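Trainee: Could we go through the reasoning behind some structural labels together?
Mentor: Gladly; let's put the model up and begin.

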Amino acid sequence: MRIRIHIRFSPKLVVRTVVLATLLSSGAAHFALSSPGVAMLDQAKRIDLLSLAVWHEARGESAEGKRLVAAAILERVRDKRWPDTVEGVLAQSSQFFGFDFTRKPEDDAAGWSECVDAAWQALTTRPSVAANHFHAVGVHPSWHDPQKVVKRVGGHVFLRL
């Protein structure tokens with residue numbers, strides 16, 4: 001007997017069948033992920049982590065501000081100076097505001113869907129600016145270089161260092 005499990009992560013991302021469970025007569029279950037399924041799960045994980053980062057860093061910002069925060073994280077993923085995964089970039093110490101992988105808002109929390117949308121847009125389109133750093137307006141980190149500011153949006157300053 002085969003069971004197909006359909007997973008939906010958001011209205012914009014409907015994931016095809018990714019898991020086939022083959023139930024054996026002994027009652028044991030074996031799970032196999034198809035290659036496209038693995039890629040979809042990886043994409044869903046990136047969206048979830050980016051959404052969570054945007055939630056923690058910029059949930060009160062405009063849609064553009066949220067997108068630029070997500071895009072800055074992805075710029076680091078593409079840059080050899082940082083880890084090559086979203087999780088790796090977010091897990092670095094002293095890089096993001098007390099990032100906690102376990103502290104997630106409720107799906108219906110105000111602003112959560114906007115954070116998910118910002119993550120999705122950052123993953124599927126290139127931003128107009130390629131920032132890899134950001135900080136809150138009014139904060140003066142030691143690495144801030146006024147020559148490297150690429151944009152100011154809401155309560156954040158975005159830089160390319």
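Trainee: Which residues of helix 2 are buried?
Mentor: They are Gly 65, Lys 66, Leu 68, Val 69, Ala 70, Ala 71, Ala 72, Ile 73, Leu 74, Glu 75, Arg 76 and Val 77. Buried means under 20% relative accessible area, exposed over 50%, and partly exposed in between, with a 1.4 Å probe and protein chains only. Before we go on: this is a predicted model, where local features need pLDDT of at least 70 and side-chain atom pairs count only at pLDDT 80 or more, while totals for chains, interfaces and linings use all residues. Residues are numbered from 1 along each chain as its sequence is written, and side-chain values use heavy atoms, leaving out hydrogens and water.

Trainee: What makes helix 2 largely enclosed by the rest of the structure?
Mentor: Twelve of its 16 residues are buried, so the label follows. Helices (H or I, at least four residues) and strands (E, at least two) are DSSP runs, numbered from the N terminus.

Trainee: How do you know that the span of helix 2 agrees with its 16 residues?
Mentor: The expected span is 1.5 Å times one less than the number of residues. For helix 2 (residues 63-78) that gives 22 Å, and the end C-alpha atoms are 23 Å apart, which agrees.

Trainee: Why is Lys 151 with Glu 64 called a salt bridge?
Mentor: The term asks for a side-chain nitrogen of Lys or Arg within 4 Å of a carboxyl oxygen of Asp or Glu. Here the closest N and O atoms are 2.7 Å apart, and the pair forms a salt bridge. Lys 151 lies in strand 5 and Glu 64 in helix 2, so the pair ties together parts that are 87 residues apart in sequence.

Trainee: Why is Lys 66 called buried, and Glu 114 partly exposed?
Mentor: Lys 66 has a relative accessible area of 2%, so the residue is buried. Glu 114 is at 44%, so this one counts as partly exposed. The two form a salt bridge, with closest N and O atoms 3.3 Å apart.

Trainee: What about Glu 61: how do you know that this residue has no salt bridge?
Mentor: The nearest side chain of opposite charge, Lys 66, is 7.5 Å away. Lys and Arg count as positive and Asp and Glu as negative, with His and the chain ends not counted. Glu 61 is buried as well, and a polar atom of its side chain lies 3.0 Å from the backbone nitrogen of Gly 155.

Notes
A polar contact is a pair of N or O atoms within 3.5 Å; within protein, one must be able to donate a hydrogen and the other to accept it, and residues adjacent in sequence count only if both atoms are side-chain atoms.
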